[in-house]
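This report sets out selected structural features of a single model, from its sheet to individual residues. The sequence and structure are shown first.

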Amino acid sequence: SPLGVTDDVFEDRIDWICDDWEIDVPLDKEGAETLVIFSSIEIMKFPDNIAHIATILDAAGENWTLSTKAREVVNFGFYEGSAEHTRQLLSRVFEGAAELGVSKIVVTECGHAYDALRWTAPNLMDVPDIEITHIAGLLGEYLDEGRIRLKEGAYDGDGKITFHDACKIQRRGGHIDEPRKLLKVLAPDSFTEMTPNREAAICCGGGGGVIAIKDADPIRYKAFELKIEQAEAVGAETVVMACSNCRLQFLDGAEHFDWEMKFRGLSELVAEAMETGGET
């Protein structure tokens with residue numbers, strides 16, 4: 001784990017999140033249909049994300065679990081371009097899923113992990129017959145199927161809201177329409193698009209582990225200035241995204257440039273604007 005999420009740290013953090021947010025997080029639940037895997041960024045930097053996603057999954061009636069074996073979705077073999085290490089880390093996830101007998105893996109707010117599991121794994125190894133999706137796609141499914149209900153216009157009083165398309169989740173991963181469908185319910189009057197967007201969106205500058213490379217800071221900040229220009233051009237007061245690595249980049253970039261802007265995770269918005277689960 002890149003942030004030191006050992007077995008003990010993982011279990012301690014999950015226990016703390018359950019106590020602090022008063023939620024239940026199933027661990028190694030046999031018979032679960034869905035394995036949810038968070039990134040170490042979420043576990044250590046954005047623990048509220050775990051609480052928000054757990055709340056949504058429960059409201060939607062998902063039969064889900066976490067795995068102590070497949071507890072880390074970040075794949076540093078993928079970052080370093082090592083096929084051997086990429087396979088090694090992918091195998092840990094697939095083995096954890098097989099032990100629990102799940103039929104679906106949900107990657108939470110991590111773009112490169114989704115790319116590695118969904119697109120790269122079949123080109124490197126034999127993969128089990130298991131559905132792999134991203135939380136952004138799952139949230140869209142829940143809305144379409146009536147498994148969650150949202151307060152329409154819940155964020156229309158918070159100023160203009162825009163959405164950042166993450167490279168690996170939207171531009172490559174294809175989960176472009178679902179976030180917009182959700183935002184058009186949550187903020188129908190205040191949601192506005194940056195330009196360019198969707199498949200043509202501009203990278204935030206921190207992906208692929210670049211945010212951790214000090215020598216890349218000048219280029220990383222130069223790239224981030226484009227995001228500042230985009231958001232300011234539409235008068236946005238909040239930027240929403242579905243990638244925790246992007247959120248780290250936005251937070252760091254805002255501090256660097258002394259930029260006044262709010263940043264929210266897509267799952268966070270959904271969890272806080274839910275009414276009840278079930279059909280409308």
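The sections below describe a predicted model, beginning with a sheet and its helices and ending with local backbone features.

## The parallel sheet and its helices

Four strands make up an open sheet whose order is β2-β1-β3-β4, with parallel pairing. At the edges lie β2 and β4, each of which pairs on one side only. The pairing of β3 with β4 is parallel and comprises four bridges. Within this pair, Lys104 stands opposite Glu131 in β4.

Two helices that pack on the sheet may be described here. Helix α5 touches β1 (34–37), β2, β3 and β4, and its direction makes about 145° with that of β1. Helix α7, residues 135–145, also packs on the sheet, where it touches β3 and β4; its direction makes about 90° with that of β4.

## Helix α6

Helix α6 covers residues 111–124. Its 14 residues should span 20 Å at 1.5 Å a residue, and the C-alpha atoms at its ends are 19 Å apart, so the expected and computed spans agree. The helix nevertheless bends by about 35° at Leu117.

Leu117, the site of this bend, is itself one of the buried residues of α6. The others are Gly111, His112, Ala113, Tyr114, Asp115, Ala116, Thr120 and Ala121. The partners against which the buried residues of α6 pack are the helices α4 (76–80), α5 (83–100) and α8 (167–171), together with the strands β3 (104–107) and β4 (131–134).

## Glu62 and Thr34

Glu62 occupies the loop between α3 (47–59) and β2 (64–65). Its relative accessible area is 10%, which falls under the 20% limit, so Glu62 counts as buried. Thr34 lies in strand β1 and is buried as well, because its relative accessibility is 0%.

The side chains of these two residues are joined by a polar contact of 2.7 Å. The side chain of Glu62 makes another polar contact, of 2.3 Å, with the side chain of Tyr142. A polar contact of 3.4 Å links the side chains of Glu62 and Arg147. Beyond its neighbours within four places in sequence, Glu62 is in contact with Thr34, Leu57, Lys104, Leu138, Tyr142 and Arg147. With the neighbours within four places in sequence likewise set aside, Thr34 is in contact with Glu62, Asn63, Trp64, Thr65, Val102, Lys104 and Val106. Lys104 thus appears in the contact list of Glu62 and in that of Thr34.

## Thr68

Thr68 is placed in the loop between β2 and α4. With a relative accessible area of 24%, Thr68 is partly exposed. Its side chain makes a polar contact of 2.9 Å with the side chain of Asp28.

Neighbours within four places in sequence aside, the contacts of Thr68 are Asp7, Phe10, Glu11, Leu27 and Asp28. A separation of 24 Å lies between the C-alpha atoms of Thr68 and Ala242, which are 174 residues apart along the chain.

## Helix α11 and the residue that follows

Helix α11 comprises residues 244–257, 14 in number, and reaches 20 Å from its first C-alpha to its last, close to the 20 Å expected at 1.5 Å a residue. Its buried residues are Ser244, Asn245, Cys246, Arg247, Gln249, Phe250, Gly253 and Ala254. The elements covering them include α2 (40–44), α3, α10 (217–233), β7 (238–241), β8 (262–265) and α12 (266–272).

Just after α11, Asp258 takes a positive phi of about 50°, in a residue other than glycine. Asp258 belongs to the loop between α11 and β8. At 65% relative accessibility, Asp258 counts as exposed.

## The loop between α9 and α10

This loop holds Pro196 and Arg198; α9 itself spans residues 177–186. The peptide bond from Thr195 to Pro196 is cis, and its omega is near 0°.

Arg198 has a phi near 55°, a positive value in a residue other than glycine. The relative accessible area of Arg198 is 29%, so this residue is partly exposed.

Conventions. Residues numbered from 1 in each chain as written. Predicted model: local features only at pLDDT ≥ 70, side-chain atom pairs only at ≥ 80, totals over all residues. Heavy atoms only, no water. Expected span 1.5 Å × (residues − 1). Bend = angle between axes of the 7 residues up to and from the residue. Buried < 20%, exposed > 50% of the residue type's maximum accessible area, 1.4 Å probe, protein only. Contact = heavy atoms within 4.5 Å. Polar contact = N/O pair within 3.5 Å; in protein donor to acceptor, adjacent residues only side chain to side chain. Pairing = 2+ DSSP bridges. Axes fitted to C-alpha atoms, helices over the stretch in contact; angles between N-to-C directions.
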